[in-house]
Amino acid sequence: MSNSREIGRAQVCVVGAGHAGVEAALACARMGVDTVLFTLSLDAIANLPCNPSIGGTAKGHLVYEIDALGGEMGRVADLVTLQSRTLNLGKGAAVQSKRVQADRRQYQAKMKHVLELQPNLRLIQAEIVELLTEQTDGKKCAAGVRTRLGEVWQSDCVIIATGTYLEGEIFVGDVSYEAGPDGMLAAKGLSKSLTDAGIHLLRFKTGTPVRVKRQTVDLSKLEIQEGEENPLPYCGLHDEQMFYNKEQIPCHIVYTNEETHRIIRDNITRSAMYSGKIHGTGPRYCPSIEDKLVRFADKERHQLFAEPVGADTEEIYLQGFSTSLPTDVQHKMLRSLKGFEHAEIMRYAYAIEYDCAEPTQMDATLEFKQISGLFGAGQFNGTSGYEEAAAQGLVAGINAACKLLGRDPLILSRSESYIGTLIDDLVTKGTNEPYRMMTSRSEYRLLLRQDNADLRLTPKGYAVGLVSEERYQLFLAKKAAEDAEKERLEHTHLSPAQANPFLESIGETPLKSGASLADLLRRPPVTYDALSCVDTDRPSLPRTVILTVETDIKYAGYANRQLSEVARHQKMEEKRLPEDIDYKSVRGLRIEAAQKLDRIRPRTLGQAMRISGVNPADISVLLIYLGIK
């Protein structure tokens, strides 16, 4: 089949094969669209240039959602897991997030092989230096790309997923040079082409810590951090017992100290961040170690994590030790750490600046408003993190394919997914720093748990053609089991004589009259497992089913209140705004509001309400102007 495809022509061109580009290309190809994926280097596909990990707070939610929609990240992460932990176990279920240490090179190799085997997808090592556009019916449209070698690829849609490569510049102390992450080449020329096409670009910055040789670190002096016993996988197609009794590689914890801080303070003017060399905006929630000392001057120490990079390498990643200080200072500050007195650096820490797009230029499909058929995804859209990138790539790929196939776009709402929250924040509010997903960004986080991602999104993935029939039938069976078990717990009653010995044994107030098993489970100290002593006829169920059943019952009251709130807001989300409305002519609308509405062009009144600078009085003016009650 591949031999019959025209060289120099594809339906979709994807630029960049990081986590966003990979998911975008796979989504397009799996939906039957002829796709070509360009990468600066075949050796950098799905690279993990910073943390060798997948997931984390809120990021784990994104991975589960990507998997539920039919994406690839979670499946491959399961196959290369070195260690798995669930974060925030001491808090409520809504904020508990899975995070795995991934084998960096194995992750890349497996993802590359997935791309190589995918029908409808061509994988080409080439640098894209120009976006091609044309005028169609008076509107500017994406028409393809041009490579550094002068090769022209015509296409109907283009997805830009350039990560941190676009005009990338590396900073280490007073040394700077053009480069992409991890020693790769920078992408040159495409920024100018995008600017010439009318795309407004921003300049952001991120960084990464040193990699240290494990044999030169005395790990016995560090706190050990073991993995979680028998963790559940990310992917719904994987057996939930795939990690049972599987040996995991431990991580370790170390802390900065007074000497570390003295070294940093004495040399802080040599940091590229504080010498004025770096002009891009860095990530607020992943600061460099020198930035931490300035912002949290009262802290006597900062926690660092020594994490394995792979099973077959001696490299250790020192999470939390990101810096742009010069190499001599990096050696001194590293060796001031307990257990690192003789540590050898294998890869120096660095900061990197890069170009990205101002995301309010896109709509909720991630298509640029001013250029039909041009989509953006990942760090190109102003985000940070592999998981945020993959989520956007998946949505951009789905919507590019839907556009070409004549289908309705996939627009995920804030109330049904973290992916919807992420994209709505970007295209409605924009960002002036690398955006990171956090559970606190969602007003509906009680509804958006990891364990129910499949219930929320798998039907949508099945509808667009990314979720297989096998996966969908597994989902339906799981949902039926959950519904049946919740029904059984609600309608199985115990008398005081049956329940009170158990309740008294755990210090709970005894019953005065009968109660259902669900009523007992709603009590905070009572768990599903603990109930087994009085629930002797329960069926044998998978852990994934039990987890959702228990959480749904315990949080039912809170969830119902949030569902009522969703219903109220849904009315505003259903009120569509005319695409051609002239906001500057709406009498009574403040100038700031009119300018913001005109620039962002919200689809609905609900989206308009979330735009910074648009207040309730402005919304009232719009309601009156449009005659909406």
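Reader: Leaving aside neighbours within four places in sequence, which residues is Ile398 in contact with?

Author: This is a predicted model. In it, Ile398 is in contact with Ala27, Met31, Leu410, Val464 and Leu466, once its neighbours within four places in sequence are left aside.

Reader: Which residues touch the most other members of the largest nonpolar core?

Author: Ile398 is one of them. The others named are Ile54, Tyr107, Val158, Ile159, Leu374 and Ile419. The core counts 104 residues. Its largest share, 11 residues, comes from helix 9, residues 386-405. A second, separate core has 23 residues, including Ile263, Ile289, Ile316 and Leu325.

Reader: Why is Glu353 called buried?

Author: Its relative accessibility is 4%. Buried means under 20%. Glu353 therefore counts as buried. The residue sits in strand 20, residues 350-357.

Reader: What makes the link between Glu353 and Arg203 a polar contact?

Author: Their side chains are joined at 3.4 Å. The cut-off for such a pair of N or O atoms is within 3.5 Å. The pair counts as a polar contact.

Reader: Why is Gly189 called partly exposed?

Author: Gly189 has a relative accessible area of 31%. Buried is under 20% and exposed is over 50%, with partly exposed in between. So Gly189 is partly exposed. Gly189 lies in the loop between strand 12 (175-178) and helix 5 (190-196).

Reader: What does Gly189 touch, not counting residues up to four places away in sequence?

Author: Gly189 touches Val129 and Glu167. Glu259 is another matter: its C-alpha atom and that of Gly189 are separated by 44 Å, with the two positions 70 residues apart along the chain.

Reader: What makes Glu307 and Arg99 a salt bridge?

Author: The N to O distance is 3.2 Å. The limit is within 4 Å. The side chains of Glu307 and Arg99 thus meet in a salt bridge. The pair links distant parts of the chain, 208 residues apart. Glu307 is in strand 17 (residues 303-308), and Arg99 is in strand 5 (residues 97-102).

Reader: Are Glu307 and Arg99 buried or exposed?

Author: Glu307 is buried, at a relative accessible area of 2%. Arg99 stands at 15% relative accessibility. With the cut-off for buried at under 20%, Arg99 counts as buried.

Reader: How do you know that Asp425 forms a salt bridge with Arg414?

Author: The closest N and O atoms of Asp425 and Arg414 are 2.8 Å apart. That meets the limit of within 4 Å. Asp425 is in helix 10 (residues 418-429), and Arg414 is in the loop between helix 9 and helix 10. Asp425 is buried at 4% relative accessible area, and Arg414 counts as buried at 6%.

Reader: What makes Lys486 partly exposed?

Author: Its relative accessibility is 22%. Buried is under 20% and exposed over 50%. Lys486 therefore counts as partly exposed. Its side chain meets that of Asp552 in a salt bridge of 2.9 Å, N to O. Lys486 is in helix 12 (residues 469-491) and Asp552 in helix 15 (residues 543-554), 66 residues apart.

Reader: Which residues do salt bridges that share partners join into one network?

Author: Arg414, Asp424, Asp425, Lys429, Glu443, Glu573 and Arg610. The structure holds 52 salt bridges.

Reader: How many disulfides does the structure hold?

Author: It holds 0. Take Cys28: the nearest cysteine sulfur, that of Cys157, is 7.6 Å away. A disulfide needs the sulfur atoms within 2.5 Å. Cys28 is in no disulfide. Cys28 is buried at 0% relative accessible area, and Cys50 is buried at 18%.

Reader: Why is the pair of Phe38 and Trp153 called edge-to-face?

Author: The planes are at 75 degrees, and the centres are 5.7 Å apart. Edge-to-face means over 60 degrees. The pair is edge-to-face. Phe38 lies in strand 2 (residues 35-39) and Trp153 in strand 9 (residues 152-154), so the pair ties together parts 115 residues apart in sequence. Both Phe38 and Trp153 are buried.

Reader: Why is the pair of Phe368 and Phe380 called tilted?

Author: Their planes are at 55 degrees, with centres 6.4 Å apart. Stacked is under 30 degrees and edge-to-face over 60; the rest are tilted. So this pair is tilted. Phe368 is buried at 2% relative accessible area, and Phe380 is buried at 0%.

Definitions and conventions
Residues numbered from 1 in each chain as written. Predicted model: local features only at pLDDT ≥ 70, side-chain atom pairs only at ≥ 80, totals over all residues. Heavy atoms only, no water. Helix = DSSP H or I, 4+ residues; strand = E, 2+ residues; numbered from the N terminus. Buried < 20%, exposed > 50% of the residue type's maximum accessible area, 1.4 Å probe, protein only. Contact = heavy atoms within 4.5 Å. Core = buried A, V, L, I, M, F, W, Y, C linked by side-chain atoms within 4.5 Å. Polar contact = N/O pair within 3.5 Å; in protein donor to acceptor, adjacent residues only side chain to side chain. Phe/Tyr/Trp six-rings, centres within 6.5 Å; stacked < 30°, edge-to-face > 60°.
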